[in-house]
Structure formats: C-alpha cells, structure tokens
Amino acid sequence: MAKKNEIPPYEKRIKWFHEARFGMFIHWGLYSLTGRGEWTFFLEREKAASYMKLADKFKPAKFDANAWAQAAVDAGMKYMVLTTRHHDGYCLWDSQCSDFTSVKTAARRDFVAEYVKACRKAGLKIGFYYSLLDWRFPGYWEPDKYPDSAKAMVQQAHDQVRELLTQYGKIDILWYDGGWLRNTFPPQIDLMIPFWRSKQLNAMARQLQPHILINNRSGTQEDFDTPEQHVTASEKGRGWESNMTIGDHVGWGYVKHNPNFKTVPQLLQYLVQAASGEGNYLLNVGPKPDGTIRKEELERLKKIGEWMRVNGEAIYNSERCDLEAVMLGLWTRKGKDAYLHVFRWPGKEAVIPLVKSKPREAVILQTGQKVEIRREYNGRLILSGMPEKPPHPYVTTIRIRFAEVPAKLPEPDLSAWLTGI
Ligand code: GLC
C-alpha cells in the first residue's frame, strides 16, 4: 500500500498524460475585456490603478464552465488548463492574499471552483496555469530598489499556490508561467530558482498533491517541457507538451480582430506531430469577456473532434515509430501497429521504403477499407488499391499492423539502395 502523501514514481504519475495527448488551454481574465490580448496592462504601460478598474466591469453574463468542458470533450481533449491568474495579478478564485479577485470585485464568482466542478463532471483532468510574476509589484521590475515588494510578490506566489492546491480537491497539473526575471532575457534559470524559492515551492506542491504534474517554467525541470507556439519533441522518456494559439502567435487572451486563425488541417498536423514524438498538444482558446468561446475557435475544435472520434486510437497513448519519414505525412505507433497519417494523399498507391518488419494488414481508419500491402526490394512497402481521392480531406490515417514492433531496414552503406538491398 502506498502511504498517504507519498509521491508516486514519475512513470506512474505521467501515465495519464501520455494517454491524453490533447488538452485545452484557456486564457481568460480581466484582459479579455480589452480585446487586445493578455499583455495590454504592461505593453500599453497603463497605471496599475487604472488597469485594475477593469474589475468593476468584469461580469461575464454567459460564463458557463460546463460549456467549455463540453467543447473540450467534443474536440477529443482529455484535460484543461485554465489561467487561474495571469501576469496582471487578477485571481479567478477566492484568494485570501489579495483583494484583486473575481470574488471580491464585480463578478462575485469563484470561476476556478466552477471550472473544477465542470472538469470533474465531464471526466477531464484539471490543470491550473499560474503566473509567478505579478506586474503590479514594483519589486518585480526593480527587486534591488524595492526588496520588500519583491519579497511580498514571492510570498504571494507561495501562498496562492498553496490555496489553489488545497481548496479544490485533486488537481492534476500545475502549469507555471512568468518565472523569468525582468532584467534577464533569455531567462537565467540559476537566478530564477533562488528568487522564487522554486524548490521549496514545488516541494510544497507535491506534498499537497502527490500525484500532480508540474511543468518546467519555475526554473526547475520538474515533470514536463513546454515548447511554446512550436512542436518540438524532448528526449525520449521525458514528458512534453506543446502549447499553441489557434489565432495569431501573439495574443493568448481574446483578440477581437484576429485575422490569422490556423486552418483545421494545420491544427490536425500539429496534433499528429506532437503525438508522433510522444508529446501532447495543448491548444488554446481565448474566450470572450462574456465567457463564451468565439465561433472561429469552436468550429475548429468541432472539426478536430470529428477526426479524433475516428482516428483517436492513433493519437491517445501514441508511441514513437522508427519507420522512415516520407513525404506523405507522419507516423505514430502503438505496439505492433504503425499509423501512417497521410497529409498529402498520393492517390491509388503509396510507397514507404526501408521497412524491415513483415506487414500483416493495412486499414484506412476513415472508411474501414482494407488496402493491399506487400513488401519488395529495399524494404519498400507498397500500399495499393487505395482510393484516388483522400478519404479524409485533411489527414487520412492508415493503420498498418506488423508481425512485430515495426523496425527500419538498416542500410549497409549509403549507395546500396541503388542496386537493391
Ligand atoms: C507566455 C506569455 C503568456 C502566455 C504563455 C503561454 O509566457 O507571457 O501570455 O500565457 O506564454 O505559454
């Protein structure tokens, strides 16, 4: 029997995360009112007292955490991460260490509580994004000049993380951000750790929530990496999660006039790319000030969900596949099943070279159609009798079942293939 408060081994803690592969990031707070993203307070150098007045206007009439959770479930997502507090300092919960919260100002609601409840009801794992830095503290900008303020901000972080991890039951992810120090860019990790007292902070988090997964943004490595706006795999064995906006690269919170929404095929390709490297895809939405998710984002999530319902077996709990990368698209794998995700449909026939293992059968998941499969010289796997047109307009996934975990045919030297291996 595991003792209470005993931290389970890494493989155990991260297991659900690998199974999940796809989650929803939500940037929502006071800044949503501006319609210009979550950085306006600083970027526009607004006085703190003036920015903080936004709290008088923040009364999201249509906020419905269940609707968010439903959108995530419909998209095939398995978890959510909400900005409980971004860099502006405004808390979406009933924090006892601050007056700048949604409970003590006009909204009079604990959004975090509602969010947690909705996640649980929908069977989604629960993540809390928390920004260590708080722009309102002069000590953040000039710690040497205002050491007491800097100290108070760090203490606030410790106290608020404690609140978040004690008041809402089991929490699955602690997603830090804003750990960089004002005067150091790129972030100097060795300065961040003593500044935030990160080791102590994370030890406390793990004591309160022994199962929790913590990201790498408080200076210490912790459980998983967080490539931002790109999909880059970490070394095998290390958890990672790529986080990305649906719209422009700047602006995670609601940006009213956002001309660059990614297309569904782009988003699907990113998701597949993450899964192909045994990583997760945390796709962001920036709900409107009234609490609803804009239609441009909802429509895309819905389309991804339709694809996931058919092809999800190739994504959830995916493993890396050693087969040769081809022009067609990307691979994922599960045991002896390799999944070829075809982005650029080749027509009736597809060729994958350098396959050592014996194929048993190939099926197009979209239609359930079996296609002919044989292997010839140079380990060339030939899929034939396929439809001329792609069965799915964006990503058609073919499951190729092998007699063993599929392996690549080694090339004795660089030119051997010219005459045949
Ligand atoms: C950055 C930004 C922030 C956003 C985050 C998401 O650190 O400061 O606005 O929340 O990235 O990864």
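**Exercise 1.** How far is an oxygen atom of the ligand from an N or O atom in the side chain of Asp177?

*Solution.* Before we start, note that this is a predicted model, where local features need pLDDT of at least 70, side-chain atom pairs count only at pLDDT 80 or more, and totals for chains, interfaces and linings use all residues. Residues are numbered from 1 along each chain as its sequence is written, and side-chain values use heavy atoms, with hydrogens and water left out.

Step 1: for Asp177 the distance is 3.0 Å, which fits a polar contact (a pair of N or O atoms within 3.5 Å).

Step 2: the ligand also has an oxygen atom 2.9 Å from a side-chain N or O atom of His87, and one 3.0 Å from a polar side-chain atom of Trp39.

Step 3: the protein buries 95% of the 310 Å² that the ligand exposes when taken alone (Shrake-Rupley method, 1.4 Å probe).

**Exercise 2.** Work out which residues surround the ligand.

*Solution.* Step 1: count residues with a heavy atom within 4 Å of the ligand; there are 14, and the closest are His27, Glu38, His87, Glu228 and Asn243.

Step 2: sort the shell by class, which gives six nonpolar, four polar and four charged residues.

**Exercise 3.** Explain why Cys119 has no disulfide.

*Solution.* Step 1: a disulfide is a covalent bond between the sulfur atoms of two cysteines; the cut-off here is 2.5 Å.

Step 2: the closest cysteine sulfur to that of Cys119 belongs to Cys91, 18 Å away, so it is too far for a bond.

Step 3: a search of the whole structure finds zero disulfides.

Notes. A polar contact is a pair of N or O atoms within 3.5 Å; within protein, one must be able to donate a hydrogen and the other to accept it, and residues adjacent in sequence count only if both atoms are side-chain atoms. Ala, Val, Leu, Ile, Met, Phe, Trp, Tyr, Cys and Pro count as nonpolar, Asp, Glu, Lys and Arg as charged, and the others, Gly among them, as polar.
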